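This report describes selected features of one protein structure. It considers a central helix, the core, and the charged side chains in turn.

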Amino acid sequence: MTIAVGVEALEAAAEPILSDAEMYRLGLVASTGGEEGVFDLITAHKWFNLAAMQGNLEARAYRAELAKEMTSEEIAEAQRMAREYLLTHRPRSNN
């Protein structure tokens, strides 16, 4: 049996996971709209969730606040996106 894996999948898998501070900043940009002024609560929840998983307490608080404004379907989508991110990225080595 042969398994074919695309170059893009391999490149994504080779990318390290961002730090909790980087994820937190991405969550802030998505939740406030950044310079473009377009906010995305699902993406913001995803980044805050990932940062919170790495121990970022501010991200945990922001994630909880966003969840109050989101439907259960939106939260489920954000969680799916977070899981997908974890599956396609690997942790940074501590070297």
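## Capping of helix α3

A polar contact is a pair of N or O atoms within 3.5 Å; within protein, one atom must be able to donate a hydrogen and the other to accept it. In this predicted model, Asp40 caps the N-terminal end of α3, with a side-chain oxygen 3.1 Å from the backbone nitrogen of Ile42. Beyond the other end, α3 is followed by Gly55, which has a positive phi near 100 degrees.

## Length and burial of helix α3

Helix α3 covers residues 41-53, and its 13 residues should span 18 Å at 1.5 Å a residue. The end C-alpha atoms are 18 Å apart, in agreement with that expectation.

Eleven of the 13 residues of α3 are buried, and the helix is therefore largely enclosed by the rest of the structure. The threshold behind this statement is a relative accessible area under 20%. The buried positions include the polar or charged residues Thr43, His45, Lys46 and Asn49, and among the others are Leu41, Trp47, Phe48 and Leu50. Ala44, Ala51 and Ala52 are buried as well. The buried residues of α3 pack against three helices: α2 (20-32), α4 (57-68) and α5 (72-88).

## The nonpolar core

The largest nonpolar core has 17 residues, and those with the most contacts inside it are Met23, Phe48, Leu50, Ala59, Leu66 and Tyr85. The elements giving two or more residues to this core are α2, α3, α4 and α5. Helix α3 provides the largest share, seven residues.

Ala59 illustrates the packing in this region. When residues up to four places away in sequence are not counted, Ala59 touches Tyr24, Phe48, Ala51 and Ala52. Of these partners, Phe48, Ala51 and Ala52 are buried residues of α3.

## A salt bridge in helix α4

Side chains of opposite charge can pair when their charged atoms come close. Three salt bridges are counted in the model.

One of them joins Lys68 to Glu65, with the closest N and O atoms 3.2 Å apart. Because the two residues are three apart in helix α4, Lys68 and Glu65 are separated by about one helical turn. Lys68 is exposed, at a relative accessible area of 65%, whereas Glu65 counts as partly exposed at 45% relative accessibility.

## A salt-bridge network in helix α5

Which residues are linked in a network of salt bridges? The network consists of Glu77, Arg80 and Glu84. Arg80 meets Glu77 in a salt bridge at 2.6 Å, N to O, and meets Glu84 in another at 2.9 Å.

Both pairs lie within helix α5. Glu77 and Arg80 are three residues apart, about one turn of the helix, while Glu84 and Arg80 are four residues apart, also about one turn. Each member of the network counts as partly exposed: Glu77 has a relative accessibility of 29%, Arg80 has 34%, and Glu84 has 44%.

Definitions and conventions:
Residues numbered from 1 in each chain as written. Predicted model: local features only at pLDDT ≥ 70, side-chain atom pairs only at ≥ 80, totals over all residues. Heavy atoms only, no water. Expected span 1.5 Å × (residues − 1). Buried < 20%, exposed > 50% of the residue type's maximum accessible area, 1.4 Å probe, protein only. Contact = heavy atoms within 4.5 Å. Salt bridge = Lys/Arg side-chain N within 4 Å of Asp/Glu carboxyl O. Core = buried A, V, L, I, M, F, W, Y, C linked by side-chain atoms within 4.5 Å.
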